[in-house]
Amino acid sequence: MNRKVFLQLDEHRSLNFKNDVVYKCPICHKGELYWNVVKHLGGCWGCPHKPGYNLKTIKRIAKLNYMSFNSVAAKTPAPPVDLKEYTPDLPVEAQAFLCGDKSIPPQYLDLFEWNEENRQIAVQLFNCNSYEDDGTRISRSIDYKGWYIDAAAEKQDYIFIPEPELRGPALFLVEGVFDAVSIAPYSFSIALLGTAIYDHPGEYIAKLCKDHGLTPVIWMDEDKAGTKGMLLLKQRLRFGYGLHYEQVVFQEPNDIRPSQIRDIVGDMDTKIIQRLSQ
């Protein structure tokens, strides 16, 4: 079954009490194409010979895109509830951590919130599935490494956009929050919150690039995870969305001086403009 048909299946999803994700089958047109998210088994019970399908694709759709189901009707899951209390007022130690240790431009401190109990900074994320800021945050302690999405949210649906303002022809795709904020004074940037790009963020970024004539620029660390992530990201951008991309081969933005970031962004803008003018 081709990709187009599976995208059509996504419009008929639901989840029953047996943890079966149910689709309308494109062959027999009955709502009996199942994928069990616990047992990882599936097939169509409506077709005479119960034909096999691309189960890997069904599994991907089932895990990432299902709706809760009760005996009356399917309904959209409630937004995640964040139990931590945050304040926009950053203490001196948090400001020193961001501006000193992480070289965050002072004008972007208002992006960060503070949780006193856990000594954590946090930023709000953008949901690429619902196209909104639904209050979900990603946070980390100023005392040790590690970012965590606070609420019970699907990480695959979220990205971080420090400033939704188009500047130049480039859209920089980076791994982390600090990297995206470091680039923000000079260009539009998005943090993928890792080295992978999933369906909803990928579709959002592709639409953004095509609607505004932007060229995605990959800027990731050249460690093992970053190298593998860049390879998969390149394939996804080119063959999945038909986008021409560029790449920055350098240290991560958060590890270099602002003047270096400004120069790299300027050189990349010039390169993109020259390519588009040919």
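**Exercise 1.** Find the loop that holds R119, then work out what its backbone and surface look like.

Solution. Start with the location: R119 sits in the loop between β6 and β7 (strands are DSSP E runs of at least two residues, helices are H or I runs of at least four, and both are numbered from the N terminus). This is a predicted model, where local features need pLDDT of at least 70, side-chain atom pairs count only at pLDDT 80 or more, and totals for chains, interfaces and linings use all residues. Residues are numbered from 1 along each chain as its sequence is written, and side-chain values use heavy atoms, with hydrogens and water left out.

Next, the backbone: phi of R119 is near 50 degrees, a positive value in a non-glycine residue. Most residues other than glycine have a negative phi.

Last, the surface: R119 has a relative accessible area of 26%, so it counts as partly exposed (buried is under 20%, exposed over 50%, partly exposed in between, with a 1.4 Å probe and protein chains only).

**Exercise 2.** Which strands pair with β7, and in what sense?

Solution. Take β6 (residues 113–115) to begin with: 3 bridges join it to β7, antiparallel (pairing takes at least two DSSP bridges). Here E113 stands opposite A122, and the two strands form a hairpin with 4 residues between them.

Now β9 (residues 137–141): it pairs with β7 over 5 bridges, again antiparallel, and I121 faces R140 there.

**Exercise 3.** Is strand β7 largely enclosed or largely open?

Solution. Look at residues 120–124: 4 of the 5 are buried, so β7 is largely enclosed by the rest of the structure.
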